[in-house]
Amino acid sequence: MKTKLKLTCFAVLVSVAINAQTKKKVLFIGNSYTFVNNLPQMIKDLALPLGDTLVFDQSVFGGYFFQSHCNNPQTWSKIKSQQWDAVVLQAQSQEPSWDLWQVMQDTYPFAKQLTDSVKAHNACTEVIFYMTWGRQNGDASNCANVPAVCTYTGMQARLRESYMLFKTDFKTAVAPVGVAWKKVRQNLPLINLYDPDQSHPSLEGSYLAACVFYSNIFQKTSVGSSYLANLSTTVANQLQTYGSTTVMDSLNLWGVGSNKPKVDFTFTPLGNNSFQFNNLTLYANTYNWSFGSTLQNPTYTFPNAGVNSVTLSATNACTTTTKVKQVLITGITKHTSQLNFSSYFNENTLYLNGLNEGAYNLQITSVDGKSVYNKTLNSNASEQKVLINDLPQGMYIIKLSNAKQSGNNKILIN
């Protein structure tokens, strides 16, 4: 039989702060994990010395679930009160750690309802799920029904799984506070992130969460902020580093900037200066390539050899983002009759092996297509030695051809 789980609720007074000016406007929807130590204000204070401004509001109540917020008129009113840059959603601290069936029954539908409502009000608002942390020694109250939460490690794993599920299914971002929390516990065990209740954050825990959120919201590192929250400089710098690198090292994993196109592409040579472009962009619906195509996956033939810059601009309902890559064309055409030979360079001498008797044209080009050496060889042995002086270090293309065949090799001169 499916058993409902015991809940631990925490009631703490809520404070709401609204600022007049804005660079990023963020609404926080959650409970005591958000308002203990006034996390939104801490993010704002962390941002100011770095030249950024946070304007925030909150709908936060002790022990609240996502379902509780779905039934609260204040939460809906605040979602609709203005055009938010981001809305942060934080579940009751235990509910995402429960067995999957219960998360899908009791949490997932309300997380989706909140996300859909935010997007319905403004499609360009970024929803950020607040991935919280496992309790210091696991959740003893639910251990019998959900063995995974008997330990901190197991509870943390379940929280991550559920929040990443929300992020993937609803195409949102996630603030990986719980991931940064785990790293600090493992690597800086002398820093206590917990309140004495072994659940709520200490001042250090909230500061770590603020560093994670700063990087999620502003997509910048918090390292270097002069706001220390009355912590020692050493501890604050350590928490800045762990909080920000957790986000900045894996922006795509956490879906940061989920309301913006994630632009990327690869390309494959087809021969004769033609390339197939493979568009890997996420969250976009129109595309513009610098060579004039609006197709998602075009082919294009470049008129000239050398280094060619290709820019892909991708657009959705909110914004346009771009990415530039360099396409190298050596100007060498692949022949149907291939000459197979080997080559290497040593002490100003190019060694060519595998030749037959006869005349060959030797051409050496740099990787950007510039000819640096050209000579006719008369081969009377399988190995030929060619003295080449003053060739700078780098990668080169060796093209060898006779009347019937042609072949290419690469050599590295170092």
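Is K78 buried or exposed? In this predicted model, where local features need pLDDT of at least 70, side-chain atom pairs count only at pLDDT 80 or more, and totals for chains, interfaces and linings use all residues, K78 is buried, with a relative accessible area of 15%. Residues are numbered from 1 along each chain as its sequence is written, and side-chain values use heavy atoms, with hydrogens and water left out. Here "buried" stands for under 20% relative accessible area, "exposed" for over 50% and "partly exposed" for what lies in between, using a 1.4 Å probe and protein chains only.

K78 is a good place to begin a tour of the charged pairs. It forms a salt bridge with D57, and the closest N and O atoms of the two are 3.1 Å apart. A salt bridge here is a side-chain nitrogen of Lys or Arg within 4 Å of a carboxyl oxygen of Asp or Glu. This pair links distant parts of the chain, since D57 belongs to strand β2 (residues 54-60) and K78 to helix α4 (residues 73-79), 21 residues apart. Helices and strands are DSSP runs numbered from the N terminus, a helix being H or I over at least four residues and a strand being E over at least two. D57 is buried too, with a relative accessible area of 8%.

Seven salt bridges are found in the structure. One of them joins D116 to K112, with the closest N and O atoms 2.7 Å apart. Because D116 and K112 are four residues apart in helix α6 (residues 108-121), about one helical turn separates them. D116 is partly exposed at a relative accessible area of 39%, and K112 is partly exposed at 36%. Another salt bridge ties E161 to R158, where the closest N and O atoms are 2.7 Å apart. Both residues lie in helix α7 (residues 152-170), three residues apart, or about one turn of the helix. E161 counts as partly exposed at 45% relative accessibility, whereas R158 counts as buried at 12%. Elsewhere, K23, D52 and K220 are joined into one network by salt bridges that share partners.

The strands come next. Strands of a sheet pair through backbone hydrogen bonds, either parallel or antiparallel. Two strands are taken as paired if DSSP finds at least two bridges between them. Strand β1 (residues 24-30) is mostly covered, with five of its seven residues buried. β1 pairs with β2 in the parallel sense over seven bridges, and G30 has V60 in β2 as its bridge partner. With strand β3 (residues 86-89), β1 also pairs in the parallel sense, over four bridges; there, the bridge partner of I29 is L89.

An open sheet of three strands follows the order β6-β7-β9, with antiparallel pairing. Its edge strands, β6 (265-271) and β9 (299-301), each pair on one side only. From one strand to the next, the twist averages 25°. Six bridges join β6 to the antiparallel strand β7 (residues 274-279), and G271 stands opposite S274 in β7.

Helix packing adds another layer to the picture. Two packed helices are described by the angle between their axes and the distance between the axes. The axes are lines fitted to C-alpha atoms, for helices over the stretch in contact, and angles run from 0 to 180 degrees between N-to-C directions. Helix α9 (residues 203-218) packs against helix α10 (residues 233-248) at an angle of about 40°, with their axes 8 Å apart. α9 is therefore oblique to α10; angles under 35 degrees count as roughly parallel, over 145 as roughly antiparallel, 65 to 115 as roughly perpendicular and the rest as oblique. Residues in this contact (heavy atoms within 4.5 Å) include Y207 and C211 of α9 and L239 and Y242 of α10. Helix α2 (residues 39-47) also packs with α9, at an angle of about 65° and with their axes 9 Å apart. Among the residues making that contact are M42 and L46 of α2 and A210 and Y214 of α9.

Finally, W133 is found in the loop between β4 (126-130) and α7. W133 is buried, with a relative accessible area of 1%. Not counting residues up to four places away in sequence, W133 touches Y33, Q156, L159, V177, G178, W181, Y194, S199, H200 and P201. The C-alpha atoms of W133 and W181 are separated by 6.7 Å, with their positions 48 residues apart along the chain.
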